[in-house]
Amino acid sequence: MLLDEQEQFLSYNGEVLIFQLLKPKLVEGATDKIINLCVRRMVFNRDTKVFVEKSSGAFSMHASPSKVEMICCSCTTDSRTGLILPCVLVKKKKQSNVKYLLLLLHSSNQFEQSFRFELDYELKEDIRLFGGPSVLWRHTNKLFYISSSTCMVQSAPVQLSSIVWTGDVADEGTVVLGIRTACLPESEGADEFSISDRAIWGSEFFGYTIQTQEVLTGTCFLPHAYSRVVSSVCICKSERWKKQLRVSLVAITNKNQLIWFQNGLPRGVCELPYEKPRSVKTAVTSSNDLLFIVSFASGNTCVVQRRDSLQVASKWQKVKSVLVDDFTGSGSEQLLLLFKDDSNTDVLSTFKITDFGEVNYTSGINYKSDVPAAEGLQENGLLTVQALETRLQAGFTSVRELQQHLQLKKRVILESCRALIDLIEERTHILPKAKEEGLVSLWDDVENPPHSLSKETSLASKVPENFTEKLWQRVVGDNLVVGVKLTESFHLSLTDVSLSLVMDQDFSSISPIIKCQSKIIKLSKAFSALSVSSCQVEPPPKKMKLDLHSKKEFSKRPSGGQLDGTKTVIAVTSLSPLLAFHCVCCIVLLHAKKQKHWNGDLQESKKITVLCGKILLSLEDISNGRYSVKMLKDNSYCTGSMEDILAVLAVSVRYSFQIVSSDCTLTPVNSWLLGEMECTPFKECHDNIFCHKAGNVYGTVFNWSLKNPFEGVLTVFCRSLTVLFQCLHSLTKILPPSCDVKLLRCGSKSLLTEQLALALEKEMLTSRSSFFSKESKAEKSLTWGNEAGKKINNASLASLLDTEEGVQEFRKKLQNEREESVLSMNQTMSGALYQKIALKIAEAQLSSDMIVWRLS
């Protein structure tokens with residue numbers, strides 16, 4: 001390095017210190033083997049807006065100018081006084097070794113030699129200055145240091161490949177954070193996750209304390225997975241909390257990233273605008289903003305702000321040096337950027353001072369000394385507005401990217417819905433290419449459809465054409481009720497039946513899937529009993545189980561409902577959103593599990609989706625009452641059709657009450673229903689009666705069943721709790737005071753007992769069949785192993801033991817049998833098979849637990 005190029009810049013108490021190695025002016029009789037280390041103290045003049053020299057000093061050394069070089073400079077603590085002073089590390093080459101001097105600079109511009117040491121090699125890797133003053137460096141993957149207190153080179157008992165940070169940590173003193181080859185402990189108390197992470201990456205972070213000579217766990221600083229990419233670190237805050245070290249730091253990587261870590265976990269990341277980042281430092285501005293200044297090997301610099309997220313605030317090129325201090329005397333830190341200028345020899349001729357707020361000075365502007373204060377404030381205000389506009393533009397860009405992402409998600413959902421409709425209607429659906437949607441394909445595009453889609457299509461085609469007897473729709477209040485009546489032969493082989501409604505129109509802004517609720521209506525052949533499986537309160541969980549219906553779907557499907565005697569499946573949805581389209585056509589899809597029988601045994605069921613038909617809904621038809629429920633009186637009967645009855649029950653909530661009277665019979669209940677409530681029985685189902693009384697209670701359905709003259713069960717199908725309370729209030733007026741009214745769970749005790757027995761039987765068969773398949777596979781593998789190994793019998797044992805070769809063969813066969821025995825006892829199960837078995841068992845257990853809860 002040329003002598004004129006040896007310049008070092010350092011900020012100290014708002015001043016800029018410029019260190020230079022210069023030759024002194026020769027006088028007669030003087031030797032030319034003298035070199036001066038000069039320092040100039042520069043301060044910023046707020047009136048003229050330029051840097052002026054405050055004072056200067058020099059330190060003379062006897063050496064050839066070509067053999068003297070400044071290594072680095074920094075501000076460190078003098079252990080004798082506790083003051084922070086500038087210090088400079090100087091190298092003097094000799095013939096056999098290299099001499100190093102550490103010089104302290106006092107306020108009087110006098111240099112003091114703190115200590116010196118000699119080495120048989122040159123310092124080139126990871127040289128750091130820290131308090132004492134002390135010097136630390138790395139050589140041949142070893143850590144060395146020397147301080148003013150010992151004046152002796154010491155070696156640390158650690159091996160390391162690089163040093164990423166040196167400084168003070170809370171309650172630990174001076175700490176060196178470095179990277180070394182992973183040392184995997186053999187103790188059982190070690191952290192297993194840390195061991196596996198270090199084993200994978202082959203390297204680890206660690207901290208070494210200079211004072212106590214202890215090694216700190218690196219995971220409180222950085223995860224070991226970053227050990228291969230992090231090149232420099234700056235610790236912002238460290239503290240002890242409950243005897244644990246909590247550290248907040250920022251790191252730069254060779255992947256051109258800046259990452260924020262807190263307590264050993266990454267909290268934010270920012271892509272850097274240039275390649276090969278070299279170092280990072282921090283600054284706290286007047287607005288209490290934390291800035292990260294990143295310097296690059298190419299001479300470029302950028303500043304990253306940390307607010308809601310990490311983002312690049314500004315960047316510069318051809319930067320000679322970046323200093324952080326209070327250069328303007330405003331009480332907060334600013335950035336001083338010194339730019340390279342070949343046309344000017346003055347090092348402080350081209351600069352910029354900024355804190356991304358009120359302070360912003362740039363060289364080359366002709367500032368007048370008599371500028372009024374108001375004009376200066378106006379200029380600073382203009383610069384603040386420009387900075388705010390930059391931030392606003394960055395926020396607008398983020399919002400625009402988020403909107404584009406949401407639009408892309410909406411297009412993907414709509415395309416999926418179109419593919420579903422085409423699949424059900426057995427049409428060929430052509431998916432758009434990934435590039436057209438702005439996506440990146442995760443696999444190679446193929447022309448043939450996936451196997452799973454073709455399989456579902458073939459399964460849907462095997463469904464009989466006449467599987468539905470009738471498709472109907474009704475309008476009850478603000479609800480649209482759609483029902484599908486299944487054929488006798490078809491519905492007996494189905495489980496978990498539900499309906500979905502899909503709009504047939506091609507809407508580009510909304511999803512075609514209509515949110516609806518499926519209900520199963522159960523009617524006996526004699527119409528003597530009626531029940532509705534609807535959404536009821538779930539029982540309190542007795543233990544953690546798999547939620548088989550945790551997937552977010554548009555249609556809510558009933559869980560585990562048995563379809564014995566079921567013929568009608570109903571979907572209920574809100575009517576008002578559909579009326580916004582005036583006229584809409586909906587596709588009705590039936591989802592179910594179809595059971596397969598083979599040799600009299602129930603085999604695994606398969607999910608099917610069947611197209612039931614289409615319904616047309618228009619505002620004109622609704623206004624004309626085409627789909628309205630008609631419940632009229634005719635000779636003391638209600639003339640509503642079966643579809644009308646099912647529609648009313650589908651939008652109602654069922655409540656059952658046990659009424660017990662110990663003093664008198666319950667004949668007033670029947671009189672109350674037929675008299676005050678103006679109820680008439682359905683012509684199709686005599687046990688259920690319809691309320692024709694004007695007001696809120698109109699449309700309520702009752703079922704009164706007498707067990708004996710003193711005990712009965714009243715079932716109420718009502719639209720809301722308000723209607724239920726009105727009915728109960730009217731009922732209590734006619735009941736004797738000694739009557740006891742108790743709310744019952746849905747389902748009779750005898751019916752639930754029978755269902756529980758079937759559910760427990762299904763749970764047992766599911767467990768047995770699942771594990772029997774695994775045991776049969778184990779037996780097959782064991783049988784095959786025995787056949788291949790040819791088990792040793794007593795007949796051939798004597799002949800084998802006669803010769804040495806026979807003994808070796810006997811040992812080999814014995815070892816094979818031992819390995820096969822161990823293999824048979826350690827049968828493993830794949831994750832997919834275990835998940836499949838667990839889901840089946842959990843589904844059966846959920847069904848039985850629900851019935852037990854209803855029985856309790």
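A residue is counted as buried when its relative accessible area is under 20%, and by this criterion buried residues make up 40% of the 856 residues in the protein chain. The structure described here is a predicted model, and its protein chain contains 13 helices and 46 strands. Among contacts between residues at least 6 apart in sequence, 55% join residues that are at least 24 apart.

The nonpolar interior was examined next. The largest nonpolar core has 40 residues, and those with the most contacts inside it are F19, L37, M61, L89, V135 and W137. Strand β7, which spans residues 98–105, gives the most to this core, contributing seven residues. The surroundings of L37 illustrate how residues from separate parts of the sequence come together: when residues up to four places away in sequence are not counted, L37 touches F19, Q20, L21, G57, A58, F59, M61, M70, V88, V90, L103 and F111. A second core, separate from the largest one, has 29 residues and includes L480, V497, V584 and C586.

Two residues in strands show contrasting degrees of cover. T209 is placed in strand β15, which runs over residues 203–209, and because its relative accessibility is 0%, T209 counts as buried. Leaving aside residues up to four places away in sequence, T209 is in contact with E172, T174, V175, E214 and L216. R306, by comparison, lies in strand β23, which covers residues 301–306, and with a relative accessible area of 34% R306 is partly exposed, a value that falls in between the limits of under 20% for buried and over 50% for exposed. The contacts of R306, again not counting residues up to four places away in sequence, are with W260, L290 and F292. The C-alpha atom of R306 is separated by 9.9 Å from that of C270, although the two residues are 36 residues apart along the chain.

Several loops carry notable backbone features. In the loop between β9 (125–130) and β10 (134–139), where P133 is placed, the peptide bond from G132 to P133 is cis, with omega near -5°. In the loop between β11 (142–147) and β12 (154–159), which holds C151, the phi angle of C151 is near 55°, a positive value in a residue other than glycine; C151 is partly exposed, with a relative accessible area of 43%. A positive phi is also found at K276, where the angle is near 60° and the residue is likewise other than glycine. K276 lies in the loop between β20 (265–271) and β21 (277–284), and because its relative accessible area is 63%, K276 is classed as exposed.

Attention then turns to the helices. Helix α7, formed by residues 642–650, is mostly covered, since eight of its nine residues are buried; the buried residues are E643, D644, I645, L646, A647, V648, L649 and A650. I645, which lies in this helix, has a relative accessibility of 4% and therefore counts as buried. When residues up to four places away in sequence are not counted, I645 touches M631, G640, F682 and E684. The first residue in that list, M631, is 14 residues from I645 in sequence, and the C-alpha atoms of the two are 8.7 Å apart in space.

Two packed helices are described by the angle between their axes and the distance between the axes. For helix α8 (residues 667–674) and helix α9 (residues 721–734), the axes come within 10 Å and cross at roughly 130°. An angle of this size is neither over 145 degrees, as roughly antiparallel would require, nor within the range of 65 to 115 degrees that counts as roughly perpendicular, and α8 and α9 are therefore oblique to each other. The crossing of the two helices, α8 and α9, is right-handed. On the α8 side the contact is formed by P668, V669 and W672, which meet C727, S730, L731 and I734 in α9. The residues of this contact divide into six nonpolar, one polar and no charged.

Key:
Residues are numbered from 1 along each chain as its sequence is written. This is a predicted model: local features need pLDDT of at least 70, side-chain atom pairs count only at pLDDT 80 or more; totals for chains, interfaces and linings use all residues. Side-chain values use heavy atoms; hydrogens and water are left out. Axes are lines fitted to C-alpha atoms, for helices over the stretch in contact, and angles run from 0 to 180 degrees between N-to-C directions. Helices (H or I, at least four residues) and strands (E, at least two) are DSSP runs, numbered from the N terminus. Angles under 35 degrees count as roughly parallel, over 145 as roughly antiparallel, 65 to 115 as roughly perpendicular and the rest as oblique. A crossing is left-handed if the near helix is turned anticlockwise from the far one by less than a right angle, and right-handed if clockwise. Contact means heavy atoms within 4.5 Å. Ala, Val, Leu, Ile, Met, Phe, Trp, Tyr, Cys and Pro count as nonpolar, Asp, Glu, Lys and Arg as charged, and the others, Gly among them, as polar. Buried means under 20% relative accessible area, exposed over 50%, partly exposed in between (1.4 Å probe, protein chains only). A nonpolar core is a set of buried Ala, Val, Leu, Ile, Met, Phe, Trp, Tyr and Cys residues joined through side-chain atoms within 4.5 Å.
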